[in-house]
Amino acid sequence: MKAYDLGFGESADELSVRPGQSIGLDLPGARVAGWCGGRAPGIGTASWPRSPVTGLPMIHVITLELPEDYRRKGEDLVAVSFFQADDHVADAIEGVGELLAGTAPTPEQVADPFLAAVAATAAARHPRQQDLEDMIGGAHALIRLTAEEFAAPRIDPPADIRPDGLGDKYSRGQNAWDDSAPEIAVWIGERTGDPNTGLAPTEDGEDGYVTAWSSDDKDLEAFWSSVEGISHLGGTVMPCQGLPDGLTPYVFELEDGVGGVNFGGGNAQIDLESGVFDWAQ
């Protein structure tokens with residue numbers, strides 16, 4: 001297998017490590033592999049993931065077409081979409097969690113346009129949506145896409161029908177209505193020279209994995225410096241805190257700021273085979 005780096009920009013000659021930043025990135029042979037921010041792929045508006053705390057639609061962070069060796073849940077599932085709510089300190093809306101879990105709405109909830117829309121999202125839940133929760137209780141979602149879904153026209157978030165009192169983003173967490181970042185193309189290119197390509201990340205050097213910054217080898221130090229802060233598939237992971245348990249060689253490390261994502265200056269590890277998810281700052 002190979003490892004891959006991600007770059008962000010509208011042309012291969014002007015790629016950056018993160019959208020909107022001036023830190024350049026050289027990705028020889030890079031190709032467009034998706035987009036971050038803005039709209040979601042063609043999964044149907046009613047299926048757009050919502051926060052189980054607030055009921056607000058999550059931010060679409062990134063949709064990425066995966067190289068063939070990273071399609072770990074089926075060759076026909078060619079891409080993934082990642083969404084974030086950042087709702088760990090949000091004020092909860094009564095009934096939202098139960099509705100999204102599949103509880104039938106009461107007559108009073110059916111009569112409430114916002115709660116009725118939340119219930120409709122539960123009914124239209126994407127069959128391959130994986131709910132993720134970070135270490136401080138924030139909600140996220142990962143959806144695996146077929147080629148048809150990936151190629152379908154992109155969709156906008158559901159219409160904003162919030163009643164009075166639900167518009168304060170500081171008490172309701174990030175959401176697609178208030179905090180969506182501009183769309184920008186995502187490019188992918190092969191990462192070369194990574195000693196950990198094809199290895200499951202470990203902290204003890206098991207199976208030959210070399211933890212970042214654990215060696216005084218000047219060549220390794222130069223390599224780690226060159227890839228620090230770059231979102232990538234496979235290879236060396238650089239969590240800001242502890243290494244999550246259960247990672248495989250097929251880990252997707254996503255840096256703060258991509259698609260409007262908020263990891264508090266840190267990064268996330270999303271394992272495409274084991275399903276492990278965690279982030280640190």
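This passage describes the sheet, the nonpolar cores, one helix and two selected residues of a predicted model.

The strands of the model include an open sheet of 11 members, arranged in the order S5-S6-S4-S3-S2-S7-S1-S8-S9-S10-S11 with antiparallel pairing. Its edges are formed by strand S5, residues 129-133, and strand S11, residues 277-280, each of which pairs on one side only. At the S5 edge, 5 bridges connect S5 with the antiparallel strand S6, which spans residues 139-146, and within this pairing Leu132 has His140 of S6 as its bridge partner. The two strands make up a hairpin with 5 residues between them, and in its turn Gly137 adopts a positive phi of about 95 degrees. Elsewhere in the sheet, strand S3 (residues 59-65) and strand S4 (residues 77-84) run antiparallel and are joined by 6 bridges, with His60 standing opposite Phe83 of S4.

The largest nonpolar core comprises 30 residues, and those with the most contacts inside it are Leu6, Ile62, Leu64, Phe82, Leu233, Phe252 and Leu254. Two or more residues of this core are supplied by each of strand S1 (3-8), strand S2 (31-36), S3, S4, strand S7 (184-191), strand S9 (251-255), S10 and S11; the largest share, 4 residues, comes from S3. A second, separate core of 16 residues includes Phe83, Ala139, Phe150 and Ile155. Such groupings accord with the general tendency of nonpolar side chains in soluble globular proteins to be buried together. Within the largest core, Phe252 is one of the residues with the most contacts, and, when residues up to four places away in sequence are not counted, Phe252 touches Leu6, Ile62, Leu64, His232, Leu233, Ala268, Gln269, Ile270 and Leu272.

One of these partners of Phe252, Gln269, is found in strand S10, residues 267-271. Gln269 counts as buried because its relative accessibility is 1%, where the cut-off for burial is under 20%. The side chain of Gln269 makes a polar contact of 3.1 Å with the side chain of Asn267. Beyond residues up to four places away in sequence, the surroundings of Gln269 consist of Pro239, Pro244, Leu247, Val251, Phe252, Glu253, Val276, Phe277 and Asp278, each of which Gln269 touches.

A contrasting position is provided by Lys73, which lies in the loop between S3 and S4. Lys73 is classed as partly exposed because its relative accessible area is 45%, a value that falls between the limits of 20% for buried and 50% for exposed residues. Apart from its neighbours within four places in sequence, Lys73 is in contact with Arg144, Leu272 and Glu273. The C-alpha atoms of Lys73 and Arg144 are separated by 8.4 Å, although the two residues are 71 residues apart along the chain, whereas towards Glu273 the side chain of Lys73 reaches the backbone oxygen at 2.8 Å.

Among the helices, H3 spans residues 113-123, and its buried residues are Phe114, Leu115, Ala117, Val118, Ala119 and Thr121. These buried residues pack against two other helices, H1 (96-100) and H2 (107-110). The N-terminal end of H3 is capped by Asp112, a side-chain oxygen of which lies 2.9 Å from the backbone nitrogen of Phe114; Phe114 is thus both a partner in the capping arrangement and one of the buried residues of the helix.

Methods
Residues are numbered from 1 along each chain as its sequence is written. This is a predicted model: local features need pLDDT of at least 70, side-chain atom pairs count only at pLDDT 80 or more; totals for chains, interfaces and linings use all residues. Side-chain values use heavy atoms; hydrogens and water are left out. Buried means under 20% relative accessible area, exposed over 50%, partly exposed in between (1.4 Å probe, protein chains only). Contact means heavy atoms within 4.5 Å. A polar contact is a pair of N or O atoms within 3.5 Å; within protein, one must be able to donate a hydrogen and the other to accept it, and residues adjacent in sequence count only if both atoms are side-chain atoms. Two strands pair if DSSP finds at least two bridges between them. A nonpolar core is a set of buried Ala, Val, Leu, Ile, Met, Phe, Trp, Tyr and Cys residues joined through side-chain atoms within 4.5 Å.
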